[in-house]
Amino acid sequence: MLLWSLLSTLVWGPGSVLILVLLLRLCVRLWHKSHLWDLQHCSTDLTGKTAVVTGANSGIGKVVAQELARRGAHVILACRSFKRGKQALAEIQAALRCNHLLLGEVDLSSMASIRGFARWLLQEYPEIHLLVNNAAVCGFPTTLTPEGLDLTFATNYIGPFLLTNLLKGALQRAGSARVVNVSSFQQTRGYIDEGHLTGAGGPLTFNQNYNCSKLLLTSFTGELARRLQGTGVTVNSVDPGVVYTEIMKHFSWPYRFLFWLVSFFIKDPKQGAVPVLYLSLAKELDGISGKYFSSSCVISPPSKAAQDPQVAQSLWNASVQLTNLDKMD
Ligand SMILES: NC(=O)c1ccc[n+]([C@@H]2O[C@H](COP(=O)([O-])OP(=O)(O)OC[C@H]3O[C@@H](n4cnc5c(N)ncnc54)[C@H](OP(=O)(O)O)[C@@H]3O)[C@@H](O)[C@H]2O)c1
């Protein structure tokens with residue numbers, strides 16, 4: 001009797017909330033599973049290939065790096081922090097029992113750091129088959145780097161722009177190569193203003209700098225694809241969806257708490273990595289370039305601004321000037 005009343009109190013009291021949450025969590029997991037590309041059925045083997053993944057020490061990037069290494073690729077984990085990178089490297093090596101991974105240090109908000117990293121990388125690996133531009137930050141107000149760029153735009157857009165351009169020769173030498181730009185559904189909430197790159201430009205509402213930086217990355221994807229036509233290098237961008245990772249770590253605690261609350265109902269990093277891995281591995285994407293993929297791995301039109309070739313060309317020219325790409329490289 002006592003046991004029964006205890007059980008019913010649990011089930012109809014706080015227990016019912018817990019059961020409901022767990023049931024919802026299960027439904028969400030099953031839904032994601034049925035809507036995601038089937039990674040296990042992809043037979044792509046990467047033995048002998050070289051892949052570079054930026055921001056590979058946590059979240060989506062870490063899962064992507066591990067999966068690429070599991071398929072035999074030499075993976076360079078391009079990380080900002082040597083300590084966090086080393087820890088991720090050790091974890092992946094222990095999980096896979098392999099040693100064809102390497103740690104490279106690069107701060108994508110610093111053009112000098114990117115140049116140093118690219119020099120080292122090109123010496124070690126003259127051919128690169130896959131570059132995953134995954135690293136990003138959000139949650140920062142307008143903040144200038146010592147090089148005079150806005151921190152968010154430097155990390156999320158100028159960094160990938162410069163790194164990809166510096167590695168272009170190695171990608172072309174590989175014969176067939178892919179560049180995967182990790183964008184976001186938030187790109188639709190941004191607008192293009194080149195002034196933002198240097199901390200000027202039009203007004204930005206809360207976190208809109210992140211949205212705008214992802215829009216620039218998506219626009220860059222189209223322009224780079226046009227410029228790389230016929231070279232064997234393809235470039236596409238993808239939205240991983242809403243994923244519970246460390247991406248909110250620079251927000252204040254109420255936002256982080258909310259993110260934790262919804263974490264039960266959104267993708268985990270393994271699920272979030274699937275669209276990125278789809279662009280990196282799927283054989284049916286051979287030759288497909290300049291596209292934006294939704295988190296369900298479907299080609300979708302990005303924001304109108306990202307589809308405008310004139311806007312993209314103007315952004316390209318401004319980025320070349322800011323990075324001194326035409327003078328130094
Ligand atoms: N999570 C989502 O809901 C979501 C949604 C849409 C798009 N995305 C995109 O998915 C990608 C992966 O993010 P995530 O969710 O996996 O977040 P995450 O766990 O925070 O991973 C971001 C990675 O970027 C690295 N990074 C940040 N600034 C860097 C810099 N200056 N130089 C080098 N590396 C730097 C971080 O390194 P540290 O550890 O050193 O900070 C970390 O390894 C990002 O492009 C993000 O915009 C995520």
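## Helices α3 and α4

At what angle do helix α3 and helix α4 pack, and how far apart are their axes? In this predicted model, the angle is about 40 degrees and the axes are 10 Å apart. Helix α3 covers residues 59-70, and helix α4 covers residues 82-96. The two helices are therefore oblique to each other. Angles under 35 degrees would count as roughly parallel, and 65 to 115 as roughly perpendicular. The crossing of α3 and α4 is right-handed.

Which residues bring the pair together? From α3 come K62, A65, Q66, A69 and R70. From α4 come A88, I92, A95 and L96. Sorted by class, this contact holds 6 nonpolar residues, 1 polar residue and 2 charged residues.

## The chain as a whole

The chain has 12 helices and 8 strands. Its C-alpha trace spans about 85 × 50 × 35 Å along the principal axes. The radius of gyration is 21 Å. A compact globule of 329 residues would have a value near 20 Å, so the chain agrees with that expectation.

How much of the chain is buried? Of the 329 residues, 45% count as buried. Contacts in the chain with a separation of 6 or more can also be split by sequence distance. Residues 24 or more positions apart account for 76% of them.

## L101 in strand β3

L101 sits in strand β3, which runs over 101-105. Is L101 buried or exposed? L101 has 23 other C-beta atoms within 10 Å, so it is buried. The cut-off for burial is 20 or more.

Leaving aside neighbours within four places in sequence, L101 is in contact with A69, V75, L77, L89, I92 and Q93. Two of these partners also belong to the α3 and α4 contact: A69 on the α3 side and I92 on the α4 side. V52 lies 49 residues from L101 in sequence. The C-alpha to C-alpha distance between L101 and V52 is 9.9 Å.

## S109 in the loop after β3

S109 lies in the loop between β3 and α5, a helix spanning 111-124. This loop residue is buried, because 25 other C-beta atoms lie within 10 Å of its own.

Which residues does S109 contact beyond its neighbours within four places in sequence? They are T145, L151, A154, T155 and G159. Helix α6 spans residues 151-166. T145 is 36 residues from S109 along the chain, yet their C-alpha atoms are separated by 7.4 Å.

## Helix α11 and its two partners

Helix α11 spans 309-323. It packs with helix α8, residues 208-227, at an angle of about 100 degrees. The axes of α8 and α11 are 9 Å apart. The pair is therefore roughly perpendicular. On the α8 side, L216, S219, F220, G222 and E223 make the contact. On the α11 side, V311, A312, Q313, L315 and W316 do so. The residues of this contact divide into 6 nonpolar, 3 polar and 1 charged.

Helix α6 also packs with α11, at about 80 degrees. Here the axes are 11 Å apart. This pair too is therefore roughly perpendicular. I158, F161 and L162 of α6 meet S319, L322 and T323 of α11. The class count for α6 with α11 is 4 nonpolar, 2 polar and no charged residues.

## Two positive phi values

Most residues other than glycine have a negative phi. R97 has a positive phi, near 50 degrees. R97 is in the loop between α4 and β3. Its C-beta count within 10 Å is 6 other atoms, so R97 is exposed.

N324 also has a positive phi, near 55 degrees. Where is N324 found? N324 is in the loop between α11 and α12, the latter spanning 325-328. Why does N324 count as exposed? N324 has 12 C-beta neighbours inside 10 Å, and a residue with 12 or fewer is exposed.

Terms used:
Residues are numbered from 1 along each chain as its sequence is written. This is a predicted model: local features need pLDDT of at least 70, side-chain atom pairs count only at pLDDT 80 or more; totals for chains, interfaces and linings use all residues. Helices (H or I, at least four residues) and strands (E, at least two) are DSSP runs, numbered from the N terminus. The radius of gyration is taken over C-alpha atoms; the globule rule is 2.2 Å times the number of residues to the power 0.38. Two residues are in contact if their C-beta atoms, placed from the backbone, lie within 7 Å. Axes are lines fitted to C-alpha atoms, for helices over the stretch in contact, and angles run from 0 to 180 degrees between N-to-C directions. Angles under 35 degrees count as roughly parallel, over 145 as roughly antiparallel, 65 to 115 as roughly perpendicular and the rest as oblique. A crossing is left-handed if the near helix is turned anticlockwise from the far one by less than a right angle, and right-handed if clockwise. Ala, Val, Leu, Ile, Met, Phe, Trp, Tyr, Cys and Pro count as nonpolar, Asp, Glu, Lys and Arg as charged, and the others, Gly among them, as polar.
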